[in-house]
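Please look over the structure below before reading the notes. The notes go through one topic at a time.

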Amino acid sequence: MGITNPFKDQSLSLTKRLLPWTLYALLPIVLLRLYFYPLPFPPSPETELPHSTPTTIISQSSLSASTPPSSPEKEKTYETPCDYFDGKWIRDRRGPLYNGTTCGTIKEGQNCITHGRPDSGYLYWRWKPSQCSLPRFEPQTFLQLISNKHAAFVGDSMARNQLESLLCMLSTGSTPNLVYRNGDDNKFRKWHFPSHNVSVSLYWSPFLVQGVEKSNSGPNHNELYLDHVDERWARDMDQMDVIVLSIGHWFLHPAVYYEGGSVLGCHYCPGLNHTEIGFYDVLRKALRTTLNSIIDRRGGKGYGIDVIVTTFSPAHFEGEWDKAGACSKTKPYRNGEKKLEGMDADMRRIEIEEVEDAKTKANNFGGIIRLEALDVTKLALLRPDGHPGPYMYPFPFANGHQERVQNDCVHWCLPGPIDTWNEILLEKMRKWEEHPRTEE
C-alpha cells in the first residue's frame, strides 16, 4: 500500500485551478500582438496592393572596391521609375469613378451604357504594373498639382477621348465651367475649374503640323506641311503650362506631304504623280517638328513647360467595320494572348524615340522643359472589350439583329480603359512635383 503525498495532490489541484485563469490572462495579450503585428500573408496575385513602397536599386558603382557590398554606409538607393508598359489587367470590384449619367461632358458616341450596351464587366478592370502599383485617380490631387495653370490636350479624336475622360474624373471632385467653344463638332473648347483656377482645353490638330484635311468639297486626301507646326494651337503656346499630345490614326489616311515648299511624297495616292513613301517617316517628321517648336519657343524665352506624348492606341476591328461583331469581345486579352507587333509597335517606337531625342535637346535649356511619353500602347492593345462598337449609336439592335451596323473599334467607352491613361498621367505629374524644375 503506497503512501500518498499530500503536497503533490495540493500542487496538482492548484495547477488545475490556475490554468484556466492563466489562459484567460494570456488571450488578450495574444490578440493585441496579432492586431499590431499581423502575420504576413502573401498577397493575392489578382489584388492590387494600395500604394506600395517604391522599388529601390543599389548603385554598385558607389561602393568602394575595398568595402563589402553589404556595407550599409556606402549603399545609395534610387527610386526606380515605374514601367507602366509592363503589366496586366486585373479585376477591380470598385468600378469607375463616374458613369454615363453623372458626367455631362461625354461625347454621345462614347456613352456606351446609356446607348444600351448590355454588359458592364469591362468597367471592372484595373491595370497592374509588374513592379509597382498604380493608385486610383484622385481628382483633388490632380487639380492641386495644376492649380493656377492651363493644361491643353492637342491632337486627334484620341486626344479628345482622353480629355473627356479626365473631365469626368475631375468632375467628381470639382465642377468645371465651359468658357469657350468653337469649330465643327466642338473641336476647340476650354473649361475652367474655379475651385483651383485650373483651365483645361482641347485643340483639334490631327497632324500637329499644318495640314488641310480631306473633305467633300476639296481634295480626297489630306495635305501635310511637315516643317510648319499647326498655329491653330501653337499660337496659344505661351499660355500653356502642360501640353498632352496625341496623334497617329490620321496618318493612316491617303495624304500628300510637303516639305521645304515642295512635294516630298504621298501615301496611297493613285492617280497622282508622286512617290509613295508611306507614313512612318512622316509621323516622325511631324512629331519632331512639333517637339522642336515647343522647345525653341518656350526654351528660347526661358519659360518652362511640361509635355506629354500619349503613344499610339491600337484599334480592334475584326473583319469589316460595318459588320455586326466587329469588336464584340467582353474581356481583356490575357498576358501572352496578344502580342504587340507590326504597325502598332512601329508607331509606338517612333513616338518613344522622338520623345527621347527631344529630351536631349531640351537639356540645353537647363531642365525647364520636361518631356515624357505616356506609354499606353500595350495597355490599349489588351483591351478589345473597351470600345463602343455598335453602341456608338443608341440602341442599335432595338429593331432586332442587324447584319450591317457601323462600329467604333478605335475610341473608348466612357467610363472605360482610357481612364487608366489619366491615372498614369497623374503619377507622372506627381513625380515632376517631387523634382521641381530649375526655374522653380
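In this predicted model, Phe153 has Val244 of strand β11 as its bridge partner. Phe153 belongs to strand β5, which covers residues 150–155 and runs parallel to β11, with 5 bridges joining the two. The points below start from β11, move out to the sheet and its helices, and end with the cavities.

**Strand β11 and its neighbours**

- β11 spans residues 242–246, and 5 of its 5 residues are buried.
- Buried here means under 20% relative accessible area.
- The cover is found on both faces of the strand: Val242, Val244 and Ser246 are buried on one side, and Ile243 and Leu245 are buried on the other.
- β11 also pairs with strand β14 (residues 305–310), in the parallel sense and over 4 bridges.
- Within that pairing, Val242 has Asp306 of β14 as its bridge partner, while Ile243 stands opposite Val307.

**The sheet**

- β5, β11 and β14 sit side by side in an open sheet of 7 strands, whose order is β6-β7-β8-β5-β11-β14-β15.
- The pairing in this sheet is mixed.
- Its edge strands are β6 (177–182) and β15 (369–374), each of which pairs on one side only.
- From one strand to the next, the twist averages 15°.

**Helices across the sheet**

- Helix α5, made of residues 280–301, lies across β11, β14 and β15.
- Its direction makes an angle of about 170° with that of β14.
- α5 has 22 residues, and the distance from its first C-alpha to its last is 32 Å, close to the 32 Å expected at 1.5 Å a residue.
- Gly302 comes just after α5 and takes a positive phi of about 80°.
- Helix α6 (residues 342–362) lies across β14 and β15 and runs at about 170° to β15.

**Cavities**

- How many cavities of 30 Å³ or more does the model contain? The count comes to 4.
- The largest cavity has a volume of about 210 Å³.
- This cavity is lined by 20 residues, and the closest to its centre are Pro96, Leu123, Trp125, Gly416 and Asp419.
- Strand β4 (125–129) and helix α8 (419–434) each supply at least two residues of the lining of the largest cavity.

Note on methods. Residues numbered from 1 in each chain as written. Predicted model: local features only at pLDDT ≥ 70, side-chain atom pairs only at ≥ 80, totals over all residues. Heavy atoms only, no water. Buried < 20%, exposed > 50% of the residue type's maximum accessible area, 1.4 Å probe, protein only. Pairing = 2+ DSSP bridges. Axes fitted to C-alpha atoms, helices over the stretch in contact; angles between N-to-C directions. Contact = heavy atoms within 4.5 Å. Expected span 1.5 Å × (residues − 1). 1 Å grid on protein atoms, 1.4 Å probe; cavity = no way out; pocket = protein on both sides within 12 Å on 5 of 7 lines; lining within 4 Å. Points joined across faces, edges and corners; volume = space filled by probe spheres on them.
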